Amino acid sequence: HWLLFLDSDAFVTEPRQNFVQTLKALGYGRAHVLITREEAIPELGIENPFAINTGVMLLKATPWTRDFLAAWLATRAGVCQDLQHVMPGEQGCLARLLLDRSGQLAQQHLPPNATQHVQLMPMLPFNSPWGTFVRHLWSKQWYL
């Protein structure tokens with residue numbers, strides 16, 4: 001079983017599509033947590049995107065995913081305290097926990113095997129205003 005987390009400004013474009021089959025066909029079937037990596041969109045003035053965007057996440061119902069969410073939540077008062085009330089908030093915190101300085105998946109403050117269980121998907125089809133699977137109507141204002 002999977003949980004699809006959506007920000008309040010995101011929606012599924014085709015509610016009858018089978019996400020599990022789609023994810024397997026795209027090579028994401030072994031992941032427990034799927035998050036999108038943001039991309040620069042120069043024609044919209046988005047030159048320096050955030051590392052990831054948590055507005056659309058797919059979470060597999062497993063004990064590992066539960067531990068992952070608990071570890072992420074536990075960082076609020078420590079590693080990510082400076083991000084509690086400012087953008088990029090929770091996604092900045094997760095980027096800090098998941099990615100090394102070069103933007104590659106790493107494992108910092110997370111359950112074992114995070115680099116194997118977390119996969120980053122492309123933003124445009126899954127987490128953008130032009131999404132094929134999910135559309136997220138995020139605002140350009142955060143990028144300026």
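**Aromatic pairs, a salt bridge and long-range contacts in a predicted model**

Trp64 and Phe68 are both located in helix 2 (residues 63-74), where a spacing of 4 residues places them about one turn of the helix apart. The rings of these two residues have centres 5.4 Å apart and planes at 20°, and the pair is therefore stacked, the angle being under the 30 degrees that this class requires. Both Trp64 and Phe68 are buried. The model described here is a predicted one, and 3 aromatic pairs are found in the structure. Ring pairs also bring Trp72 into a cluster with Trp64 and Phe68. A further stacked pair is formed by Phe126 and Phe133, with 4.9 Å from centre to centre and 20° between the planes. Phe126 has a relative accessible area of 2% and is therefore buried, and Phe133, with a relative accessible area of 15%, is likewise classed as buried because its value is under 20%.

With regard to overall architecture, the chain contains 5 helices and 6 strands, which follow one another along the sequence in the pattern β-β-α-β-β-α-α-α-β-α-β. Of the 144 residues of the chain, 43% count as buried. The chain exposes about 8100 Å², and carbon and sulfur atoms supply 54% of this area. Among contacts between residues at least 6 apart in sequence, 63% join residues that are at least 24 apart.

Helix 2 is also the setting in which charged side chains were examined. Side chains of opposite charge can pair when their charged atoms come close. A search of the whole structure finds 1 salt bridge, which is formed by Arg66 and Asp67, with the closest N and O atoms 3.7 Å apart. The two partners fall into separate accessibility classes: Arg66 is exposed, because its relative accessible area of 54% is over 50%, whereas Asp67 has a relative accessible area of 37% and is therefore partly exposed.The surroundings of His136 were considered next. His136 is placed in strand 6 (residues 134-136), and its relative accessibility of 2% means that it counts as buried. A polar contact of 2.6 Å joins the side chain of His136 to the side chain of Asn127. When neighbours within four places in sequence are left aside, His136 is in contact with Asp7, Asp9, Ala10, Asn53, Gly55, Val56, Asn127, Ser128 and Pro129. Asn127, the partner in the polar contact, is thus also listed among the residues in contact with His136.

Tyr28 lies outside the helices and strands, in the loop between helix 1 (19-25) and strand 3 (33-37). With a relative accessible area of 13%, Tyr28 is nevertheless buried, because this value is under 20%. Not counting residues up to four places away in sequence, Tyr28 touches Leu23, Leu34, Gln119, Leu120, Met121 and Pro122. One of these residues, Leu120, is 92 residues from Tyr28 along the chain, and the C-alpha atoms of the two are separated by 9.1 Å.

Two positions in helix 3 provide further examples of residues that are separated in sequence and have a stated distance in space. Gly92 is found in helix 3 and, at 13% relative accessibility, counts as buried. Gly92 and Ile52 are 40 residues apart in sequence, with a distance of 7.7 Å from C-alpha to C-alpha. Leu98 is likewise placed in helix 3 (residues 89-98), and its relative accessibility of 0% means that it counts as buried. From Leu98 to Thr115 the separation is 17 residues in sequence and 8.0 Å in space, again taken from C-alpha to C-alpha.

On the surface, Leu44, Leu124 and Trp130 make a nonpolar patch of about 260 Å². Leu124, one of these three residues, is found in helix 5 (residues 123-126). The relative accessibility of Leu124 is 35%, so this residue counts as partly exposed, its value lying between the limits of 20% and 50%. Helix 5 (residues 123-126) thus contains Leu124, which is partly exposed, while Phe126 is buried, with a relative accessible area of 2%.

Methods. Residues numbered from 1 in each chain as written. Predicted model: local features only at pLDDT ≥ 70, side-chain atom pairs only at ≥ 80, totals over all residues. Heavy atoms only, no water. Patch = residues over 30% accessible without salt bridge, like charges linked within 9 Å, V, L, I, M, F, W, Y side chains within 5 Å. Areas by Shrake-Rupley, 256 points an atom, 1.4 Å probe, with all protein chains shown as cover. Salt bridge = Lys/Arg side-chain N within 4 Å of Asp/Glu carboxyl O. Buried < 20%, exposed > 50% of the residue type's maximum accessible area, 1.4 Å probe, protein only. Phe/Tyr/Trp six-rings, centres within 6.5 Å; stacked < 30°, edge-to-face > 60°. Contact = heavy atoms within 4.5 Å. Polar contact = N/O pair within 3.5 Å; in protein donor to acceptor, adjacent residues only side chain to side chain.
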